Amino acid sequence: YNLVGITVGKRMSAVVRCLVDSCRTVVVWAVNLIIFYGFSETYGSPWKPHSWLTAVGFLVLILGTLMYNEVLPMPKCLQLPEEVAPGDTDSVLERVTSDLVVLKADIAAESDD
């Protein structure tokens with residue numbers, strides 16, 4: 001498994017390797033369903049009440065990987081505000097860091113009371 005992953009990473013890209021890793025789990029799950037419903041109920045696994053959550057999770061995982069690696073365009077609702085340039089995330093990071101420091105100080109003050 002690791003040898004194949006390293007080879008894919010070298011010859012193609014890390015994006016492809018991430019997608020292959022994600023799809024491998026989806027394929028194993030789908031094959032289990034196909035075996036159970038198509039061949040024998042002795043083997044494989046059935047669709048359970050929460051299997052839809054697994055399917056949604058796989059979809060989110062694969063879509064997130066594709067968007068993170070810029071294979072798919074990022075939806076407008078998930079993009080940074082326009083006043084922040086794509087390469088200038090320092091101001092956003094400083095704002096988040098200062099908010100976390102204030103939050104940590106508030107929690108520490110409450111625990112002292």
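Colleague: How far apart are the end C-alpha atoms of helix α3, and what span should its 18 residues give?

Modeller: This is a predicted model, and in it the end C-alpha atoms of α3 (residues 51-68) are 26 Å apart. At 1.5 Å a residue, the helix should span 26 Å, so the two values agree.

Colleague: Okay, and which residues of α3 are buried?

Modeller: S51, F58, T65, L66 and M67.

Colleague: What covers them?

Modeller: The cover for the buried residues of α3 includes α2, which runs over 14-38.

Colleague: Back to S51 for a second. Why does S51 count as buried?

Modeller: Its relative accessible area is 7%, and buried means under 20%, so S51 falls in that class.

Colleague: And what is S51 in contact with, leaving aside neighbours within four places in sequence?

Modeller: W29 and P46. S51 itself lies in helix α3.

Colleague: What happens just after α3?

Modeller: E70 sits there, with a positive phi of about 60 degrees.

Colleague: Switching to the whole chain: how many helices and strands are there?

Modeller: There are 4 helices and 0 strands. Read from the N terminus, the order is α-α-α-α.

Colleague: How much of the chain counts as buried?

Modeller: 11% of its 113 residues. The accessible surface is about 9,300 Å², and carbon and sulfur atoms make up 66% of that.

Colleague: Last one: what share of the contacts with a separation of 6 or more comes from residues 24 or more positions apart?

Modeller: That share is 33% for this chain.

Definitions and conventions. Residues numbered from 1 in each chain as written. Predicted model: local features only at pLDDT ≥ 70, side-chain atom pairs only at ≥ 80, totals over all residues. Heavy atoms only, no water. Helix = DSSP H or I, 4+ residues; strand = E, 2+ residues; numbered from the N terminus. Expected span 1.5 Å × (residues − 1). Buried < 20%, exposed > 50% of the residue type's maximum accessible area, 1.4 Å probe, protein only. Contact = heavy atoms within 4.5 Å. Areas by Shrake-Rupley, 256 points an atom, 1.4 Å probe, with all protein chains shown as cover.
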